[in-house]
Amino acid sequence: MDILEAVKNRHSVRRYMNISIKEKNVELLQERINIINNKTGLKIKLVLNEPEGFSGILAHYGNFSGVNNFFVLSGPEGKDKEVGYYGEELVILSQQLGLNTCWVALTYNRKFVKKYVDEEDKLYVVISVGVGTTQGTTHKSKPLEEISNISDDCPDWFKSGVECASLAPTAINQQKFYFEFKDNGVVSRAERGPLTELDLGIAEYHFDVGSGKQIFAERLNNGRKV
Ligand SMILES: Cc1cc2nc3c(=O)[nH]c(=O)nc-3n(C[C@H](O)[C@H](O)[C@H](O)COP(=O)(O)O)c2cc1C
């Protein structure tokens, strides 16, 4: 599956089959995690064959079942945008490998997962990963005009960027991000609120995939080409 297809086909999946992730796919995910951690200072971990992370009342309430694998996204404070951007890179890579995922900020066993997080670090979120019982369903998206200043005058790269951003997962599907075509470039912003900065990072990853440019990746990397 190519990356654009993966962005279009991804949906949150909360129920998983009792099938381990293939060794080859674990290697590919781990390789990408290492690159991301080196580049960003985040401490992303892939935890395998550990049902305890989604045991307990919250996970049940959140409708999760069969979750045996998950990414733990932790690191220094103030890295919400990076967590969103690079977490979504892992989500889309997982989708390309035939796996399913769901971002999870609330409905997991936080107390248990804390043991994978260094004392000085913040536990941002986890992402469940595995072979889903279904492929999930399409979420309702805001009209493109509500999340951007899209118009016929905008170049195609901007339009495709915004279209892909509208498919980005956000906490409680809030989609509180905005992309503005300005001075032949793009600027983005998030409304204030819980997880909106992290959501913006996710949407920026989608924008980069859709536009075929690496605008937001370069900004996160202080202007260095990626
Ligand atoms: C940062 C973040 C946190 C989320 N937290 C939860 C959660 O705690 N429980 C849950 O069931 N879904 C959670 N989700 C999944 C969203 O509800 C889901 O992405 C959104 O409804 C859009 O649906 P889609 O991912 O299928 O496109 C979270 C998503 C994001 C991006």
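## Close-up views of a predicted model

**View 1. The ligand sits among residues from two domains.** In this predicted model, domain 1 (3-130) and domain 2 (144-218) each give at least three residues to the shell around the ligand. That shell counts 22 residues, and those that come nearest are S12, W103, L106, H139 and P169. Look for strand 3 (100-104) and helix 8 (196-211) here, the elements that supply two or more residues of the shell. Sorted by class, the shell around the ligand holds 12 nonpolar, eight polar and two charged residues.

**View 2. Domain 1 meets domain 2.** The protein chain is assigned domain 1 (3-130) and domain 2 (144-218), and their C-alpha centres are 22 Å apart. Each partner is represented in the contact, with 16 residues from domain 1 and 16 residues from domain 2. On the domain 1 side, at least two residues come from helix 1 (3-9) and at least two from helix 4 (80-96). Helix 4 is the one to follow, since it gives the most to this side, eight residues. The side of domain 1 that touches domain 2 is made up of eight nonpolar, six charged and two polar residues.

**View 3. Helix 4 packs against helix 8.** Here the two axes come within 7 Å and cross at roughly 40 degrees, which means that helix 4 is oblique to helix 8. The crossing of this pair is right-handed. From helix 4, the residues to find are D80, K81, E82, V83, G84, Y85, E88 and E89. They meet E197, L198, D199, L200, G201, I202, E204, Y205 and H206 of helix 8. Charged residues number eight in this contact, beside six nonpolar and three polar ones.

**View 4. Helix 7 packs against helix 8.** Helix 7 (residues 156-165) and helix 8 have axes that come within 7 Å and cross at roughly 140 degrees, so helix 7 is oblique to helix 8. Their crossing is right-handed. W157, F158, S160, G161, E163, C164 and A165 make the contact from helix 7, and A203, H206, F207, V209, G210 and S211 make it from helix 8. In this contact of helix 7 with helix 8, seven residues are nonpolar, five are polar and one is charged.

Note on methods: Residues numbered from 1 in each chain as written. Predicted model: local features only at pLDDT ≥ 70, side-chain atom pairs only at ≥ 80, totals over all residues. Near = placed C-beta within 6 Å. Helix = DSSP H or I, 4+ residues; strand = E, 2+ residues; numbered from the N terminus. Nonpolar A, V, L, I, M, F, W, Y, C, P; charged D, E, K, R; others polar. Domains from an automatic or database assignment. Contact = placed C-beta atoms within 7 Å. Axes fitted to C-alpha atoms, helices over the stretch in contact; angles between N-to-C directions. Parallel < 35°, antiparallel > 145°, perpendicular 65-115°, else oblique. Left-handed = near helix turned anticlockwise from the far one by under 90°.
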